[in-house]
Amino acid sequence: MAKVKLKDVAQARSGDKGNSSDISLFAPNKQLFEVLKKEVTAEKVKEHFSGIVFGDVYRYEVPNVLALKFLCLEALGGGAPSSLRLDNLGKCFGGNLLRMEIEIIDEILDSLKVKDQ
């Protein structure tokens with residue numbers, strides 16, 4: 001079992017609407033999608049963004065494209081027109097999520113050709 005950052009095994013895209021950010025996390029194959037479903041929960045995403053996301057985090061599974069979608073409420077300091085934050089847009093949330101570490105069994109890592117760092 002190895003710990004890896006999501007950036008080494010997945011891709012993400014994110015955006016914003018009002019005071020909410022949405023993040024989509026994409027797996028390269030079904031095997032890793034199953035790992036992401038177990039490892040990247042709404043609770044872990046909320047914890048990962050502690051101090052930034054003050055509302056609930058909801059997770060939706062999109063198995064036909066091997067993706068998990070997260071909706072993070074109260075995440076942008078009120079939204080673009082009212083926030084005092086330097087970067088109040090949700091576009092940076094995807095890159096930030098990719099810094100999260102998860103545990104993956106070695107066989108899956110070998111199949112992805114990911115090397116320990």
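**Exercise 1. Determine how strand E2 (residues 11-17) is joined to E3, and in which direction the two run.**

Solution. Seven bridges join E2 to E3, and the two strands run antiparallel. Strands are DSSP runs (E, at least two residues), numbered from the N terminus; two of them pair if DSSP finds at least two bridges between them. The model is predicted: local features need pLDDT of at least 70, side-chain atom pairs count only at pLDDT 80 or more, and totals for chains, interfaces and linings use all residues. Residues are numbered from 1 along each chain as its sequence is written, and side-chain values use heavy atoms, without hydrogens and water.

Next, take one pair: Ser 14 has Ile 23 in E3 as its bridge partner. Finally, look at the connection: E2 and E3 form a hairpin with two residues between them. Gly 18, in the turn, has a positive phi of about 65°.

**Exercise 2. Find what E3 pairs with besides E2, and state how covered E3 is.**

Solution. Six bridges join E3 to strand E5 (residues 67-72), again antiparallel. Ser 24 stands opposite Lys 69 in E5. As for cover, five of the seven residues of E3 (residues 20-26) are buried, where buried means under 20% relative accessible area, exposed over 50% and partly exposed in between (1.4 Å probe, protein chains only).

**Exercise 3. Classify Cys 72 and Cys 92 by accessibility, and count the disulfides.**

Solution. Cys 72 has 0% relative accessibility, so Cys 72 is buried. Cys 92 has 35%, and therefore counts as partly exposed. The number of disulfides (pairs of cysteine sulfur atoms within 2.5 Å) is zero.

Note on methods: Helix = DSSP H or I, 4+ residues; strand = E, 2+ residues; numbered from the N terminus.
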